Amino acid sequence: MIKKHLNRSRLTTALGLMLLLTTIEPLQAQQRPGFLEDDRPAPRNEEGRVSLGPAPGGAGYWARRTGNLVVNPDSYEARATLNSPIHIDDVPLKDWARTLTNFRHDLYLASEPYTRCKPAGGPRQIMSPYGFEIVDMPDLDRVYIITTSNAMTWRVIFMDGREHPENLRPSYFGHSIGHWEGDTLVVDTVGFNEKSWFSRDGLPTTTALHLTERYSRPNFSTLIYDVTIDDPGAYDAPWDSGFVLGWNEGEELFEYVCQENNVSPDAMIGDGRISSIAP
Amino acid sequence: MPRYLSALLFLAMLASPAIAQQGHPLVGTWQGYWGTDDNNRNFLTLILNWDGQKLSGLINPGPGSTELGSMNMDSSNWSVSLETDLTDDDGMQVHINAQGKLDNVGSMNRTMTGTWQSASDSGSFTLERQGGP
């Protein structure tokens, strides 16, 4: 009798633990600033894996809800950074990198290459305005991230199990390899050049940058983007951040030509200083 | 260093992405002049790299190139200091200590100006970082 009671207690405990574990992850996602309430689950492909794109027959793209990696009170757009998961004081920036970040913000980020139509990989690509699509092509073992803004750029993620090449030529987007961990797309990227800023925060990076990105879709309308930044050239240790994107349902990516009528370099000076202070 | 190795190194530098622009402010190719006065200027090419801990570089790549001795930057005021051997246009080797400052850090073509001293001479230098946006 006692044994039967104990067994039932163990079973109840086990079931309770299982229930708790299965509810932990969605609760954490719901706590992220920008999380969109939506009862609809993420769409799934024929293999049952979550789709990071439109549902069959549908349309849409992802657009940022929050878009900075760090809280930065000294940013010229400090209020926009408040929802970031880490304070810039806690980012292990090397001295020169911290000074350079502050210098860039003193200039209202006027020297950012992105506004001069240079592409940027990593977080900067997907925090860009006007959105992006994640196109999963399992028959090609590739995932493409296609961006409307900037230079209408795209980035390829190789999903065929390959390694990074030995002698990479550094590039704006680097070399990306990815795999699925359950319903999370995990992307490993190296081989960045130093011609762009990898985020809107003005944080420097070097050719030693190694990004690990995680894309997950807890419901139909929310994309969680988490990233680990490992760059021993500019940071004393790896650090984590991320932000949330929302699904613009029914919308399509549109043509955008950055080079056309681009007044950003002058418009971003802020207090009317002449544009010759920046390239 | 044998001439052919210097040439190979020079070609390797050209092939490598030395046009770093948004990372460490000193990384890249710098060109300019050093000398004792306006009538005595020697052309200088300096290629700088950063490995996360230390700056390193190559002076005047090609035949007769030399490795940079040591260089440091103080980001609190963008000052630089370096100690190295240079070869002037007459082929005379000079060991110098130099101090300078980075200007226009936000620009792709930022500049580095300052003064240098050797055992018997002193003068100034001006370098501009090469490479477009």
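This report describes aromatic pairs, charges over rings, strand pairing, positive phi values and the chain interface in a predicted model.

## Aromatic pairs

Over all chains, the structure holds 11 aromatic pairs. One of them joins A:Tyr235 and A:Trp239, whose ring centres are 5.7 Å apart; their planes meet at 45°, so the pair is tilted. Both residues fall under the 20% limit for burial: A:Tyr235 is buried at a relative accessible area of 1%, and A:Trp239 is buried at 3%.

In chain B, the rings of B:Trp34 and B:Trp116 have centres 5.3 Å apart, and because their planes stand at 75° the pair is edge-to-face. B:Trp34 belongs to strand S1 (residues 28–37) of chain B and B:Trp116 to strand S8 (residues 111–117) of chain B, so this pair ties together parts that are 82 residues apart in sequence. B:Trp34 is buried, with a relative accessible area of 3%. B:Trp116 is also buried, and its relative accessible area is 3%.

A cluster linked by ring pairs is found in chain A; its members are A:Tyr130, A:Phe254 and A:Tyr256.

## Charges over rings

Two arginines of chain A are placed over phenylalanine rings. A:Arg40 has its charged end over the ring of A:Phe220, at 3.9 Å from the ring centre. The face of A:Phe158 is covered by A:Arg162, which lies 3.8 Å from the centre of that ring. A:Phe158 is also part of strand S6 (residues 154–158) of chain A, described next.

## Strands S4 to S6 of chain A

Strand S4 (residues 132–137) of chain A runs antiparallel to strand S5 (residues 142–147) of chain A, and six bridges join them. Within this pairing, A:Val135 is opposite A:Tyr144 of S5(A). The two strands form a hairpin with four residues between them, and in the turn A:Asp141 has a positive phi of about 55°.

S5(A) also pairs with strand S6 (residues 154–158) of chain A, again in the antiparallel sense, over five bridges. Here A:Ile145 has A:Arg155 in S6(A) as its bridge partner. S5(A) and S6(A) form a hairpin too, with six residues between them; the turn includes A:Asn150, whose phi is positive at about 60°. S5(A) thus takes part in the hairpin with S4(A) and in the hairpin with S6(A).

## Positive phi in the loop between H2 and H3

The loop between helix H2 (95–106) and helix H3 (123–126) of chain A contains A:Tyr108. This residue is not a glycine, yet its phi is positive, near 55°. A:Tyr108 is partly exposed, with a relative accessible area of 25%.

A:Cys117 is found in the loop between H2 and H3 of chain A as well. A:Cys117 is not a glycine either, and has a positive phi of about 70°. At 11% relative accessibility A:Cys117 counts as buried, because the limit for that class is under 20%.

## Interface of chains A and B

How many residues does each chain bring to the contact? Chain A gives 23 residues and chain B gives 21 residues. About 1,700 Å² is buried between chain A and chain B, and carbon and sulfur atoms give 59% of this area. The rule finds zero salt bridges across the interface of the two chains.

Methods. Residues are numbered from 1 along each chain as its sequence is written. Chains are lettered from A and ligands numbered from 1 in the order in which they are written. This is a predicted model: local features need pLDDT of at least 70, side-chain atom pairs count only at pLDDT 80 or more; totals for chains, interfaces and linings use all residues. Side-chain values use heavy atoms; hydrogens and water are left out. Rings of Phe, Tyr and Trp (its six-membered ring) pair if their centres lie within 6.5 Å; planes under 30 degrees apart count as stacked, over 60 as edge-to-face and the rest as tilted. Buried means under 20% relative accessible area, exposed over 50%, partly exposed in between (1.4 Å probe, protein chains only). A charge sits over a ring if NZ of Lys or CZ of Arg is within 6 Å of the ring centre and within 35 degrees of the ring normal. Two strands pair if DSSP finds at least two bridges between them. Contact means heavy atoms within 4.5 Å. Buried area is the accessible area (1.4 Å probe) that two parts lose on being put together, summed over both. A salt bridge is a side-chain nitrogen of Lys or Arg within 4 Å of a carboxyl oxygen of Asp or Glu.
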